[in-house]
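Visitor: I've got a structure open and would like a quick tour. Could you walk me through a few spots?

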Amino acid sequence: MRKLLIYMKIYTKECILAPLFKMLEASFELFVPLVVAAIIDRGIGEGDHGYIFRMGAVMVMLGIIGLLCSVTAQYFSAKAAVGFAAKVKSRLFAHIQSLSYTEIDTLGTAAMVTRMTSDMNQVQNGVNLTLRLLLRSPFVVFGAMIMAFTVNVRAALVFVVIIPLLCLVVFGIMLFNIPMYRRVQNRLDKVLGSTRENLTGARVIRAFNKQESEIKEYEKSTEALNKVQLFAGKVSGLMNPVTYVIINGGIIALLYSGAIQVDTGAITQGELTALVNYMSQILVELIKMANLIISITKAVACGNRVQGIFEIQPGMKYGEENGRQAEGWNSKTDPLLEFDHAGLRYQNAGAESLSNLTFAVRAGDTVGIIGGTGSGKSSLVNLIARFYDATDGQIRLKGKPIGAYTREALCSMIGVVPQKAVLFAGTIEDNLRWGKKDATREEMDRALEISQAKEFVLEKPEGLQTWLEQGGKNLSGGQRQRLTIARALVGSPEILILDDSASALDFATDASLRMAIRNMEKSPTVFIVSQRASSIQYADRIIVLEDGEPAGIGTHRELLASCPVYQEIYYSQFPKEGVSSEG
């Protein structure tokens, strides 16, 4: 949590002025009991009505000045807290974006969303209350005790006993609750994860009639959160009654000893009233401090969780090579991409997902990747796009290790169309500009034409200005896939990865798409991941995967003659002449 406070530096002025104005307000508040005592002893005791009105005016003036100081302090504390939270959220989001897929997979989406929202809200509230009350409450507590000694030393000895007892209770509960609130936030992560899964998978849940089981699972996770939160709340709830008992015990002792002294004339009625007022001020401030401690406890626990994200450093380092102008590489004679005994083992995985991949691809080639479910097809193209680093062997791009290139160079050279078509809320044009920020209308039209999306876009009344819902929910599956392909083509990448991204297209549209890509003016090197043999059979080279290892590499004819795995896949889709599909 302390490391996050560096983002408060730009709000140094507000961090000084907010507590300062709060202490000014508290100073005026501490004079009020003395004014009341003077009114009782002199105004009421001597029947001086003019004095009562004058002192009443002084009290009103103290209240107005205190209110102005309070409002000013609130303004500066809110400005600092909101600005601090905005800065941390911005840096946290940027840091998460810098993490590789490996770190993001380890953290989990639910945990990152909780850190950005619930945790940061708790931290913001904690900072706001800290600036307003952290100095004010102790200042009033000890100020009231000092003022009590100026009234009557003997009666004020009660304060010396009461205040340490109260501090013991408050700080004891605080130290106990810090780990408890950390557990509460961890439980909240699980509830948020369950909520997110149910919302994103609502259709699947209904399709399989799993509403009841999911409701029970959700109730189970919320019940676990409820139990931890109730226990933490019960411990926190002890603070108010215990402090009330101690304070009221102090008031009883004060009234008892004060009454005896009033009877003997050692203290006046006004002075006793002032002492009781000071004790009441201490009670009010300690209740505020109790709530402050609870907020600080939550803020510290949440701040530590946020800081934990910042402490995770990106495991993927980038070089300084500019891929578009690779020195010493000849596009006509040298391979564009080389896999040299490359392998991949995901973090905490029991076995390798890919192993012993060795092949080379020339510029402009089309490479098909096929294999059974879970054979490692997506993992292979993830290595090309450098979403993950190879854990074994090496991958070279234009003769140099893929890690030698800058992130910008890789993004400009490689266009990726993922399995799941992801579109963002905005216009079609906005989504296409993800591929190239300054794309011209001609470039977008060409990308739409190649991806077979131009026809349905032109049918829309608004054309490129057609609004898309989040995820492209107002489009069909095939339309979403074609727009994601167009988005990747806008930037004219040298390598185009189609990760099973034509699964929702009919055979004719799929064939037209592949033909259009092949006939592009600057034909990119294309990697096509597909379950359809028809989609990759005309590729220059086909890589057949089985359990993460290459079962065969070659052309369609070569594999059909020599690779049993490819034969099985192909003949399951195109039965041999004279053999029925059931056979």
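Visitor: In what order do the six strands of the open sheet run?
Guide: Keep in mind that this is a predicted model. The pairing in this open sheet is mixed, and the twist averages 15 degrees from one strand to the next. Reading across, the order is β6-β9-β10-β3-β11-β12.

Visitor: Which strands stand at the edges?
Guide: Look for strands with a single partner, since one side of each is then left without a neighbour in the sheet. That picks out β6 (414-417) and β12 (549-554).

Visitor: How many bridges join β11 to β12?
Guide: β11 covers residues 541-546, and the two strands run antiparallel. Within the pair, I543 stands opposite I553 in β12. The number of bridges joining β11 to β12 is five.

Visitor: At about what angle does helix α20 run to β11?
Guide: Helix α20 takes in residues 564-573. It lies across β3 (366-371), β11 and β12. Its angle to β11 is about 100 degrees.

Visitor: Is H556 buried or exposed?
Guide: You'll find H556 in helix α19, residues 556-562. Its relative accessibility is 15%, and the cut-off for buried is under 20%. So H556 counts as buried.

Visitor: Which side chain makes a polar contact with the side chain of H556?
Guide: Leaving out residues up to four places away in sequence, H556 touches Q537, I542, Y566 and Y570. A polar contact between side chains, at 2.7 Å, links H556 to one of these, Y566.

Visitor: Over to N431: which backbone nitrogen lies 2.8 Å from a polar atom of its side chain?
Guide: N431 lies in helix α13 (residues 428-432), and at 4% relative accessibility it counts as buried. Beyond four places in sequence, N431 touches L423, F424, G426, L468 and R487. The backbone nitrogen 2.8 Å from a polar atom of the N431 side chain belongs to F424.

Visitor: Now the second largest pocket. Which helix gives the most to its lining?
Guide: About 370 Å³ of space lies in this pocket. Its lining is made of 17 residues, and S492, P493, M520, K522 and S523 lie nearest the centre. With four residues, the helix that gives the most to the lining is α14 (residues 441-450).

How values were computed: Residues are numbered from 1 along each chain as its sequence is written. This is a predicted model: local features need pLDDT of at least 70, side-chain atom pairs count only at pLDDT 80 or more; totals for chains, interfaces and linings use all residues. Side-chain values use heavy atoms; hydrogens and water are left out. Buried means under 20% relative accessible area, exposed over 50%, partly exposed in between (1.4 Å probe, protein chains only). A polar contact is a pair of N or O atoms within 3.5 Å; within protein, one must be able to donate a hydrogen and the other to accept it, and residues adjacent in sequence count only if both atoms are side-chain atoms. Contact means heavy atoms within 4.5 Å. Two strands pair if DSSP finds at least two bridges between them. Axes are lines fitted to C-alpha atoms, for helices over the stretch in contact, and angles run from 0 to 180 degrees between N-to-C directions. On a 1 Å grid over the protein atoms alone, a cavity is a set of points where a 1.4 Å probe fits but cannot get out, and a pocket is an open set with protein on both sides within 12 Å along at least five of seven lines; lining residues have an atom within 4 Å of a point. Grid points are joined across faces, edges and corners, and a volume is the space filled by probe spheres set on the points.
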